[in-house]
Each structure stands twice: as structure tokens, then as C-alpha cells.
Amino acid sequence: MSANTEPTGRNYGKTGIWLIGARGSVATTATVGLAAISSGLAPATGCVTNQDSFTAVLLPDFADFVVGGHDISGVCMAKRAESLVESGMLPPHLLESVRSQLGEADQRVRPGYDPAQQSESQADVARRLAQDITDFKHANGLDRVVVLDVASTEAPVEPVAEFSNIELLLAALEDPARRVLPPSSVSAYAAVLAGSSYVCFTPSTALTIPALRELAARHRVPSAGQDGKTGQTWLRSVLAPAFAARGLRVLSWAGTNLLGGGDGATLADPQAVSGKLQSKNRGLQELTGGAVTPLHIDNVQDLGETKVAWDHINVEGFLGSRLTLQTTWSAYDSMLAAPMVLDLARLMALAHAAGEEGHVDALGFFFKDPWGSDEHAFANQTRNLVEWAQTASARLTAGGSLDQQ
């Protein structure tokens with residue numbers, strides 16, 4: 001499809017992108033890309049919302065976004081971008097062309113939540129983080145803020161009684177001696193308190209806690225997640241339905257991920273990797289009827305920002321014959337994730353403007369383990385996304401709600 005060249009966001013005003021993990025590789029790459037696209041230095045290649053099927057959809061322009069965020073790292077975005085240049089991922093000339101915009105974005109980054117460094121209650125932390133988001137909105141004259149969690153993967157947490165009871169949860173959050181929520185859920189709660197749209201791009205706990213989902217419903221904020229479907233799982237969601245459509249039966253599907261950098265180090269922790277493996281395998285299990293050998297994720301530090309993925313698929317065909325397919329690919333994972341982050345910011349701005357509440361099912365297109373949807377086949381997800389975006393845009397235009405904000 002050709003690029004969408006029509007200006008789509010004339011009436012949107014400004015939209016904030018608040019990144020949890022703002023100084024990480026994904027956030028920095030997205031911020032560099034946003035600045036390059038807005039300045040006309042690069043096309044929006046890889047952005048779904050820049051295709052012809054979205055030409056008639058009312059979306060904010062890339063130039064109408066302002067970036068800020070939370071992070072516990074003291075390494076600024078520019079330094080992170082320099083390391084990405086050294087890895088071969090970012091072109092040096094592009095970084096120099098947008099260095100000033102990167103510096104401006106980094107000035108809007110505020111300290112995130114580090115349980116090891118703070119003694120205040122989690123309720124106080126959430127209120128502080130929410131105030132940061134509100135201050136960001138007011139200081140920059142924004143019409144709305146989309147919060148996107150692109151931080152490192154957390155280990156899954158064991159459920160406790162507070163997770164299913166709002167009153168118990170709120171009481172526990174006020175106790176400075178307790179750490180009932182993982183950091184991702186504290187950040188999600190802060191987004192809810194700030195009345196902002198929320199997107200979880202990681203497999204971390206975030207809004208999956210029932211009491212938090214109920215609180216989000218009370219605040220009437222749209223949400224989307226979970227765990228961005230950047231590469232291997234995306235390809236799986238294309239291939240598995242293709243086998244089914246041909247009447248072929250998948251017997252086994254084994255896979256391996258090799259990655260380095262910060263993600264590789266994080267996922268070397270058996271607890272942290274367990275949540276990632278669950279989200280990567282769940283959709284494929286449903287698409288194949290359970291014929292999945294557990295995926296392996298290995299930390300290979302010299303790969304740096306590059307991810308390598310292998311799949312071996314064994315299929316039963318006509319008269320018991322066998323078909324074997326092997327796939328191997330490598331890519332800079334942050335380069336796959338960054339345009340999706342920008343797409344999600346545009347689409348969540350649309351969801352907010354159109355009055356959407358709760359999980360936006362159609363945005364499951366972007367995720368391994370989509371909230372609010374059991375659809376994992378990529379072709380169906382694509383159709384659902386386009387239909388939702390066109391319908392929401394038409395409803396927005398007909399109702400005039402965008403102009404009334």
C-alpha cells in the first residue's frame with residue numbers, strides 16, 4: 001500500500017505520549033523516529049496508520065505529539081541513542097539531526113517508581129506519578145495524554161486477596177510497609193488516576209489485576225495490551241491460520257529466540273522470562289489446538305540490539321504425509337517496536353476522542369496476548385482494526401465530539 005499523504009489531525013490539538021521506561025531502547029527509538037518523521041527527515045515506513053486504509057481515519061499528525069515519561073535510569077535519551085548508533089541500529093546523521101528534539105523530550109522525563117529506593121506508600125507513589133502526567137499535560141497545553149508502558153519485563157506475581165477487592169487494594173496501597181502491586185501496576189494505576197489512556201506494550205502485570213481493571217472502568221479510560229507482537233509471534237499469527245485454511249494439521253511448533261542487550265539480560269532471569277513465554281505461546285496454542293513445544297529464549301550478549309528467531313514447524317498433510325517449514329530471521333527489535341508505539345499513540349488518541357472506555361479489542365492487532373479479544377489470526381485482526389478505526393472516526397466526525405473537547 002502507498003503512504004497516507006493526507007493531513008489527518010487538523011482538529012486534534014496536541015497529544016502527549018507518556019512513556020514508562022522513557023530512556024530505554026524502544027522509547028528512545030520511537031522518540032527519534034517521531035522527530036525524524038515530523039521534521040520530514042524520514043518516511044513513516046512500518047507505521048500501519050500511514051497506509052491507504054487509514055486515509056479517511058481522523059488521526060493526530062505525527063507533528064502534534066509531545067513526548068515525556070517516567071524512568072528510573074539516569075542515562076539520558078541522547079546517551080541511549082548514541083549507544084544505539086554504536087550498535088549500528090540508528091544512523092549517526094539522523095541522531096545529530098534530531099538531537100535537540102531528543103534533549104527536549106528528555107527534559108520532560110521524571111523519576112519513575114523503584115521499590116528498592118522508596119519508602120513511601122504505593123498510593124503516594126501512584127499519586128506522585130499521576131501528578132507528573134497531569135503536570136505534563138498542563139505545561140504543554142495538551143488535549144489528552146496516552147501512557148505507554150515500554151519498560152523492561154517483570155516477573156509474574158502471585159495473586160493475593162487484594163487483587164480482587166477494590167477496598168482491600170486501596171487500603172493496602174496506603175500502607176507504607178506493603179508492596180502489594182508490582183511497578184507496572186503502580187504505573188498503570190497512576191495513568192488511571194490521571195484520566196489517561198493506557199497501553200501495556202510489555203507482558204508485565206499492569207492492568208491485568210481485576211481490582212485495577214474495575215478502577216479503570218470507574219475512571220472511564222480506554223486501555224490496550226498486552227506485549228507488543230513485533231516479530232516472531234506476528235509471523236506465527238500469519239502462518240498458523242494459513243495451515244488451518246489449507247486443512248493441514250500442525251503436529252509440533254518449536255521456537256528459539258536469541259537476544260542480547262538489556263532485554264537479553266532481563267530475560268536471563270527465569271522469573272522474568274516466564275511471563276514473556278506465557279504471552280508468546282498463548283496465541284499459538286489457541287491457533288494450533290495446543291501443538292506447541294515450549295519456546296526458548298537465550299541471552300546472547302554479543303548480539304546487542306539484534307534479535308534472532310528460529311521456528312521449526314512439523315505439519316501433517318494428505319494421506320499422512322509430512323510438511324516441514326523452518327524460518328529464521330533477525331532484526332533490531334526496537335526498530336520493529338517503535339513504529340507500533342507511534343501507531344498505538346495515534347489510535348489511542350482516536351479512542352479517547354471517540355469516547356471509548358475499557359479495553360479496545362481491535363487493538364489486539366498489535367499484541368501477543370490481546371486484552372478483551374480471543375482473536376489471534378493476523379488477517380482477522382487486521383480487518384477488525386481497520387473497521388474499528390473507520391467506525392470510530394466516522395462516529396467522532398458525526399458527533400462533533402473532537403471539536404468540543
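Student: Where is Phe62 found?

Tutor: Phe62 sits in the loop between H1 and E2; helices (H or I, at least four residues) and strands (E, at least two) are DSSP runs, numbered from the N terminus. Before we go on, this is a predicted model, in which local features need pLDDT of at least 70, side-chain atom pairs count only at pLDDT 80 or more, and totals for chains, interfaces and linings use all residues. Residues are numbered from 1 along each chain as its sequence is written, and side-chain values use heavy atoms, with hydrogens and water left out.

Student: Is Phe62 buried or exposed?

Tutor: Buried means under 20% relative accessible area, exposed over 50%, and partly exposed in between (1.4 Å probe, protein chains only). Phe62 has a relative accessible area of 9%, so it is buried.

Student: Which residues is Phe62 in contact with, leaving aside its neighbours within four places in sequence?

Tutor: Contact means heavy atoms within 4.5 Å. Phe62 is in contact with Leu34, Ile37, Ser38, Ala44, Cys47, Asn50, Leu342 and Arg346.

Student: How do I read the largest nonpolar core, and which residues have the most contacts inside it?

Tutor: A nonpolar core is a set of buried Ala, Val, Leu, Ile, Met, Phe, Trp, Tyr and Cys residues joined through side-chain atoms within 4.5 Å. Here the largest one has 68 residues, and Leu363 and Trp388 have the most contacts inside it. H11 gives the largest share of this core, 13 residues. Leu363 touches Ala224, Leu344, Leu347, Met348, Leu385 and Trp388, not counting residues up to four places away in sequence. Another core, of 38 residues, lies apart from it, and includes Val125, Phe163, Leu169 and Ala172.

Student: What about empty space: which residues are the closest to the centre of the second largest pocket?

Tutor: Rolling a probe the size of a water molecule over the atoms shows where empty space is left. On a 1 Å grid over the protein atoms alone, a pocket is an open set of points where a 1.4 Å probe fits, with protein on both sides within 12 Å along at least five of seven lines; lining residues have an atom within 4 Å of a point. In the second largest pocket, 28 residues form the lining, and Thr45, Gly46, Cys47, Met335 and Pro339 are the closest to the centre. H11 supplies the largest share of that lining, 7 residues.

Student: And how many helices and strands does the protein chain have?

Tutor: The protein chain has 12 helices and 11 strands. Buried residues make up 53% of its 405 residues.
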